[in-house]
Amino acid sequence: MAMDKNKKRVAMRVHGKVQGVFFRASTQEKARELGLTGFVQNQADGTVYLEAEGDAQALQALEAWAQVGPRHARVEKVKVEEKEDLKGFETFEQRR
């Protein structure tokens with residue numbers, strides 16, 4: 001797969017009251033709206049983990065959105081890590 005220089009992949013871990021508040025569904029909706037692919041899933045430690053790839057500006061927009069999250073979420077912090085390689089996700093999905 002040829003590397004698209006405009007495409008990036010990031011991993012984000014969102015801390016706070018982010019489970020049971022439609023965070024995954026809202027993230028999926030936002031990511032699809034931004035044209036991103038990847039996945040989002042709840043973690044056993046109460047955080048939400050997501051990986052997204054696509055246009056750098058769209059990834060920044062998703063990160064900015066994740067700092068706030070959906071209406072009932074209370075985000076304390078978002079840790080973002082830029083990844084080296086693209087995974088070639090087909091869609092943006094919620095994982096259990």
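User: Which residues form one aromatic cluster in this structure?

Analyst: In this model, which is predicted, the cluster consists of Phe 39, Tyr 49 and Phe 89.

User: How should I read the geometry of a pair of aromatic rings, and how many aromatic pairs are there here?

Analyst: A pair of aromatic rings is described by the distance of the centres and the angle of the planes. The count here comes to three aromatic pairs. In one of them, the rings of Phe 23 and Trp 65 have centres 5.5 Å apart and planes at 55°, so the pair is tilted; Phe 23 belongs to helix α1 and Trp 65 to helix α2, so this pair ties together parts that are 42 residues apart in sequence. Phe 23 and Trp 65 are both buried. Phe 39 and Phe 89, by contrast, make an edge-to-face pair, with 5.9 Å from centre to centre and 75° between the planes. This pair links strand β2, which holds Phe 39, to the loop between β4 and β5, which holds Phe 89, 50 residues apart.

User: What sits over the ring of Phe 39?

Analyst: The charged end of Arg 95 does, 3.7 Å from the ring centre, while Phe 39 itself is buried.

User: How do I read a phi value, and what is notable about Phe 22?

Analyst: Most residues other than glycine have a negative phi. Phe 22, although not a glycine, has a positive phi of about 60°; this residue lies in the loop between β1 and α1 and is exposed, with a relative accessible area of 64%.

Definitions and conventions. Residues numbered from 1 in each chain as written. Predicted model: local features only at pLDDT ≥ 70, side-chain atom pairs only at ≥ 80, totals over all residues. Heavy atoms only, no water. Helix = DSSP H or I, 4+ residues; strand = E, 2+ residues; numbered from the N terminus. Buried < 20%, exposed > 50% of the residue type's maximum accessible area, 1.4 Å probe, protein only. Phe/Tyr/Trp six-rings, centres within 6.5 Å; stacked < 30°, edge-to-face > 60°. Lys NZ or Arg CZ within 6 Å of the ring centre and 35° of its normal.
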